[in-house]
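The exercises below are meant to be worked with the sequence and the model side by side. Try each task before reading the solution that follows it.

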Amino acid sequence: VVDWLREPTVFLVVVLGVCGFLMFSLYLRRVLDYLDPSAVIPDRVRMAFDGFTEGVMVVDPAGRIVLANTSFRQWVERAKTNLHGQLIENIPWLQSVLPANPKDYPWMRAMAQGTAHRGAQLEFPQESGKSVKTIVNCAPIQDARGKVRGCIVTFDDVTDVENINQQLRATMADL
């Protein structure tokens, strides 16, 4: 045993320090759960977002998902992972379809430039082996002073249109 731990004062300070750290950690975890951004979104807003057939997500300037609707979550969530508060670049199955540099994500470019970006194409692989082909549109969200506070991103599912186009091309080639 270390000699300095035999001193009652030092031992007491160490025990109090460890207990204080544990209590602060528990308190901080509870505060962060309480301040969860997804918990403060009213149900009517969440229901309105879930009503869209397109995938919709809202990201903050750091690239964290603040809100994602049901359509988007169905395409990208695996094993019941909660997307809220996650950095997009840390979600493995999204990394495979996005550019290597997070600054090149369509929504990050839209926020950096302060302008809407339309027409980026992303294809989300599914566990079934098929994929969802989407067109991505991004519009920065600005406050009253024009400072960018986030970005709203829509993912239009064009899988059926792409499949029909492939069939059309095949038919045209046969003709």
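**Exercise 1. Find which residues make the nonpolar surface patch of about 420 Å², and place Val-14 within the chain.**

In this predicted model, the patch is made by Val-10, Val-14, Val-18, Phe-21 and Leu-22. Taking Val-14 as the example, one finds this residue in helix α1, which covers residues 8-34. The next step is its accessibility: Val-14 has a relative accessible area of 33%, and because the partly exposed class lies between 20% and 50%, Val-14 counts as partly exposed. For the protein as a whole, the exposed area is about 11900 Å², of which carbon and sulfur atoms supply 59%.

**Exercise 2. Describe the order of the helices and strands, and state what share of the residues is buried.**

Begin with the inventory, which holds six helices and five strands. Read from the N terminus on, these elements follow the order α-α-β-β-α-α-α-β-β-β-α. Of the 175 residues in the protein, 27% are buried. A last step concerns contacts between residues at least 6 apart in sequence, among which 41% join residues at least 24 apart.

**Exercise 3. Determine how strand β1 (residues 55-59) is covered, and which strands pair with it.**

Consider burial before pairing. Five of the five residues of β1 are buried, so this strand is largely enclosed by the rest of the structure. In a regular strand, the side chains alternate between the two faces of the sheet. In β1, Gly-55, Met-57 and Val-59 point one way while Val-56 and Val-58 point the other way, and all of these residues are buried.

Now turn to the partners of β1. Strand β5 (residues 148-157) runs antiparallel to β1 and is joined to it by five bridges, with Val-56 standing opposite Thr-154. Strand β2 (residues 65-68) also pairs with β1 in the antiparallel sense, over three bridges, and here Val-59 stands opposite Ile-65. The hairpin of β1 and β2 has five residues between the strands, and within this hairpin Gly-63 takes a positive phi near 90°.

**Exercise 4. Establish whether Ile-88 is buried or exposed, and which residues it contacts beyond its sequence neighbours.**

The location comes first: Ile-88 sits in the loop between α3 and α4 (92-95). Its relative accessible area is 2%, so Ile-88 is buried. Leaving aside neighbours within four places in sequence, the contacts of Ile-88 include Met-57, Val-59, Gly-63 and Ile-65, and also Leu-94, Leu-98, Tyr-105 and Trp-107. For one of these contacts the separation can be followed further, since the C-alpha atoms of Ile-88 and Val-59 are 8.8 Å apart although the two residues lie 29 residues apart along the chain.

**Exercise 5. Locate the salt bridges found in a search of the whole structure, and judge the accessibility of their residues.**

Side chains of opposite charge can pair when their charged atoms come close. The search finds three salt bridges.

1. Asp-50 and Arg-73 meet through their side chains at 4.0 Å, N to O. Asp-50 belongs to helix α2 (residues 43-50) and Arg-73 to helix α3 (residues 70-76), so the pair ties together parts that are 23 residues apart in sequence. Asp-50 is partly exposed, at 28% relative accessibility.
2. Asp-60 and Arg-64 form a salt bridge at 3.5 Å, N to O. Asp-60, at 17% relative accessibility, counts as buried, whereas Arg-64, at 36%, is partly exposed.
3. Asp-143 and Arg-149 form a salt bridge whose closest N and O atoms are 3.0 Å apart. Asp-143 is partly exposed at 21%, and Arg-149 is likewise partly exposed at 44%.

**Exercise 6. Work out how strand β3 (residues 117-125) pairs with strand β4 (residues 131-142).**

The two strands run antiparallel and are joined by seven bridges. As one example of the register, Gln-121 has Ile-135 in β4 as its bridge partner. Five residues lie between the strands of this hairpin, in which Gly-129 takes a positive phi near 100°.

**Exercise 7. Check the span of helix α6 (residues 159-174) against the expected value.**

At 1.5 Å a residue, the 16 residues of α6 should span 22 Å, and the end C-alpha atoms are 23 Å apart, which agrees. As for burial, the number of buried residues among the 16 is one, so α6 lies largely in the open.

Definitions and conventions. Residues numbered from 1 in each chain as written. Predicted model: local features only at pLDDT ≥ 70, side-chain atom pairs only at ≥ 80, totals over all residues. Heavy atoms only, no water. Helix = DSSP H or I, 4+ residues; strand = E, 2+ residues; numbered from the N terminus. Expected span 1.5 Å × (residues − 1). Buried < 20%, exposed > 50% of the residue type's maximum accessible area, 1.4 Å probe, protein only. Patch = residues over 30% accessible without salt bridge, like charges linked within 9 Å, V, L, I, M, F, W, Y side chains within 5 Å. Areas by Shrake-Rupley, 256 points an atom, 1.4 Å probe, with all protein chains shown as cover. Pairing = 2+ DSSP bridges. Contact = heavy atoms within 4.5 Å.
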